[in-house]
Amino acid sequence: MVFGPDFFQSAKPEHYGEITSLLDAAFRGAGESRLVDELRSDGDMWHEAMLTWNGEIVAYAALSRMRSPSGWACLAPLAVLPRYQGHAWHLGTRMAHYFSVLFEYADIAARNGADFPNTIVVLGEVSFYEKVGFSHARAQNLTSPYPLSHTMIARPGNDTPVETLEYPLAFERLGK
């Protein structure tokens, strides 16, 4: 019998405690879970996705609203429970890819009233995120408080936008 992770789900308040535990384990500390709490309380959370396996949350990703440019979002944090990191099911890759392809469904979702970002920014390991659809090259005309050497974007088209990134205030408060 083949078994594996369930479908992606939206996180709900009843999942927050388990998500906190996952983040604290994955990042070996409470910094990322504090960031998520701050994003929620500031009203900056756009979407939270989770992947479960046998009733346990094994992967999580947060998408928050950038202060600027309008309509842009930030993917952070993305986490996988330590015992599933490097697993054959590639849970982190699945989570990142989920967000990089949202734009393929944006027109359909908009007709049904869904709110989608027009660009997603991620800060991380270029070799990982480029494999799942984010572009390092397309982010190089951005101005960011974080290193462009680790900044990537996903968005329709193939342009290289010239914008100044302003992350949600929670990032500044927590020193991200």
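**Exercise 1. Charge and overall dimensions**

How many positive and how many negative side chains does the protein have, and how far apart do the centres of the two sets lie? Then judge whether the radius of gyration agrees or disagrees with that of a compact globule.

*Solution.* The structure is a predicted model, and the charge count for it gives 14 positive and 20 negative side chains, with the centres of the two sets 2 Å apart. For the second part, begin with the chain length: with 176 residues, a compact globule would have a radius of gyration near 16 Å, and because the protein has 16 Å, the value agrees. The extents of the C-alpha trace along the principal axes add to this, being about 50 × 35 × 35 Å. The accessible surface comes to about 8900 Å², of which carbon and sulfur atoms hold 52%.

**Exercise 2. Order of elements and the nonpolar core**

Describe the order of the secondary structure elements, and identify which strand gives the most residues to the largest nonpolar core.

*Solution.* The protein has 6 helices and 6 strands, and from the N terminus on they follow the order β-α-α-β-β-β-α-α-β-α-β-α. Of the contacts with a separation of 6 or more, 60% are between residues 24 or more positions apart. The largest nonpolar core has 54 residues, and those with the most contacts inside it are Leu 75, Tyr 129 and Phe 134. Strand S4, residues 72-80, gives the most to this core, with 8 residues. Leaving aside residues up to four places away in sequence, Leu 75 touches several others, among them Ala 61, Phe 99, Ile 120, Val 122, Tyr 129 and Phe 134. As a general background, nonpolar side chains in soluble globular proteins tend to be buried together.

**Exercise 3. Two residues under the burial cut-off**

Classify Leu 78 and Val 132 as buried or exposed, and list residues that each of them touches.

*Solution.* The step needs one cut-off, namely that buried means under 20% relative accessible area. Leu 78, which lies in strand S4, has a relative accessible area of 16% and is therefore buried. Beyond four places in sequence, Leu 78 touches Phe 27, Tyr 60, Ala 61, Gly 92, Met 95, Ala 96 and Tyr 129. Val 132 sits in the loop between helix H5 (126-131) and strand S6 (151-154), and at 3% relative accessibility Val 132 counts as buried. Its contacts, again without neighbours within four places, are with Thr 93, Ala 96, His 97 and Ser 100. Ala 96 thus appears in both lists.

**Exercise 4. Backbone geometry**

Which peptide bonds are cis at Pro 69 and Pro 77, and where do Asn 54 and His 90, with their positive phi, lie?

*Solution.* The general expectation is that most residues other than glycine have a negative phi, and that most peptide bonds are trans. The bond from Ser 68 to Pro 69 is cis, with omega near 0°, and Pro 69 is found in the loop between strand S3 (56-65) and S4. The bond from Ala 76 to Pro 77 is also cis, with omega near -5°, but Pro 77 has its place in strand S4. Turning to phi, Asn 54 has a positive value near 50°, lies in the loop between strand S2 (45-53) and S3, and counts as exposed at 67% relative accessibility. His 90 has a positive phi of about 50° and lies in the loop between S4 and helix H3 (91-100); with a relative accessible area of 49%, His 90 is partly exposed.

How values were computed:
Residues numbered from 1 in each chain as written. Predicted model: local features only at pLDDT ≥ 70, side-chain atom pairs only at ≥ 80, totals over all residues. Heavy atoms only, no water. Core = buried A, V, L, I, M, F, W, Y, C linked by side-chain atoms within 4.5 Å. Buried < 20%, exposed > 50% of the residue type's maximum accessible area, 1.4 Å probe, protein only. Helix = DSSP H or I, 4+ residues; strand = E, 2+ residues; numbered from the N terminus. Contact = heavy atoms within 4.5 Å. Rg over C-alpha atoms; globule rule 2.2 N^0.38 Å. Areas by Shrake-Rupley, 256 points an atom, 1.4 Å probe, with all protein chains shown as cover. Lys, Arg positive; Asp, Glu negative; His and termini not counted. Charge placed at Lys NZ, Arg CZ, Asp CG, Glu CD.
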